[in-house]
Each structure stands twice: as structure tokens, then as C-alpha cells.
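The following note sets out points for a colleague who wishes to read this model closely. Please keep the structure open alongside the text.

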Amino acid sequence: MPRRSISITDTHDEWLKAQVASGQYRSESEVISDLIREQQQRDAGVEAIRLAMAEDEQCAPGTPTPDDIRTAVQGRLRKSGSPPMPL
């Protein structure tokens, strides 16, 4: 696994250490990895919404409801194997 060196503020360092001290994580690296995974899931959700909106623009006239869009996005996320995200 590649090793990286990053610089963080004292406040962020304290927060990382607190996460490990809470017992939720075994290491600061685990906290960072979890944050990256969460961001990747958010990015996948945003992309699914963007695709749903682009697809809707190509469809027949009509206004999809927020529930229609939510259902379409959740279906795309399931198809792609991404974990469900709250919408």
C-alpha cells in the first residue's frame, strides 16, 4: 500500500486523534480512509443525480417529482453496486 505524507492543521490533528481515542477507529489512517470512502459515495450520488437530470431532459415533456428523481437515482446506485445514500 502506498504511503503518503500530508500536512494538516493542529485542529485537524486533534480531531483525528479524538476519533481514534473514541474507539471507533484503530488508527488515524483508518479515519482518513473512511472519510475518502464517504466522499466517493457522495460523488457517486451526485453523478447519478446529474445523469438522471440529463436523461430527463431527453424524455418526453413532463415534470418529474422529487420522488421520481430519488427513485431513479437510487436505482442507478443499486445497479452500479454503490451503497445506498440517503436522499
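**Notes on the predicted model**

1. The lining of the largest pocket consists of 7 nonpolar, 3 polar and 4 charged residues. The coordinates come from a predicted model, and every value in this note is computed from that model.

2. The volume of this largest pocket is about 610 Å³. Among its 14 lining residues, P2, R3, R4, S29 and I32 are the closest to the centre.

3. Which helices contribute to the lining of the largest pocket? At least two lining residues come from each of α1 (10-21) and α2 (28-58). The greatest contribution is that of α2, which supplies 5 residues.

4. Helix α2 merits a check of its length. With 31 residues at 1.5 Å a residue, α2 should span 45 Å, and the C-alpha atoms at its ends lie 46 Å apart, so the expected and modelled spans agree.

5. Which residues of α2 are buried, and what do they pack against? The buried positions in α2 are V31, D34, G45, A48 and A52. The packing partners of the buried residues of α2 are α1 and α3 (66-80). The reviewer may wish to note that D34, an Asp and hence a charged residue, is listed among these buried positions.

6. Salt bridges form the next topic. A search of the whole structure returns 5 of them; three are described in the points below. As a general matter, side chains of opposite charge can pair when their charged atoms come close.

7. In a salt bridge between D13 and K17, the N to O distance is 3.1 Å. Because D13 and K17 are 4 residues apart in helix α1, about one helical turn separates them. Both side chains belong to partly exposed residues: D13 has a relative accessible area of 23%, and K17 has a relative accessibility of 46%.

8. A salt bridge also joins R26 and E30, with their closest N and O atoms 3.1 Å apart. How accessible are R26 and E30? R26 counts as exposed, at 74% relative accessibility, whereas E30 is partly exposed, with a relative accessible area of 22%. The value for E30 should be read with the cut-off in mind, since a residue counts as buried only under 20%.

9. R70 and D67 meet through their side chains in a salt bridge with an N to O distance of 2.4 Å. These two residues are 3 residues apart in helix α3, so about one helical turn lies between R70 and D67. R70 is partly exposed, at a relative accessible area of 30%, and D67 is likewise partly exposed, at 47% relative accessibility.

10. Helix α3 also contains V73. Is V73 buried or exposed? Its relative accessibility is 0%, so V73 counts as buried. V73 and R50 are 23 residues apart in sequence, and their C-alpha atoms are 9.1 Å apart in space.

11. The last residue for comment is Q19, which is found in helix α1. Q19 counts as buried because its relative accessibility is 17%, and the cut-off for that class is under 20%. Leaving aside residues up to four places away in sequence, Q19 touches Q24, Y25 and V31. Of these partners, V31 is itself one of the buried residues of α2.

Methods: Residues numbered from 1 in each chain as written. Predicted model: local features only at pLDDT ≥ 70, side-chain atom pairs only at ≥ 80, totals over all residues. Heavy atoms only, no water. 1 Å grid on protein atoms, 1.4 Å probe; cavity = no way out; pocket = protein on both sides within 12 Å on 5 of 7 lines; lining within 4 Å. Points joined across faces, edges and corners; volume = space filled by probe spheres on them. Expected span 1.5 Å × (residues − 1). Buried < 20%, exposed > 50% of the residue type's maximum accessible area, 1.4 Å probe, protein only. Contact = heavy atoms within 4.5 Å. Salt bridge = Lys/Arg side-chain N within 4 Å of Asp/Glu carboxyl O.
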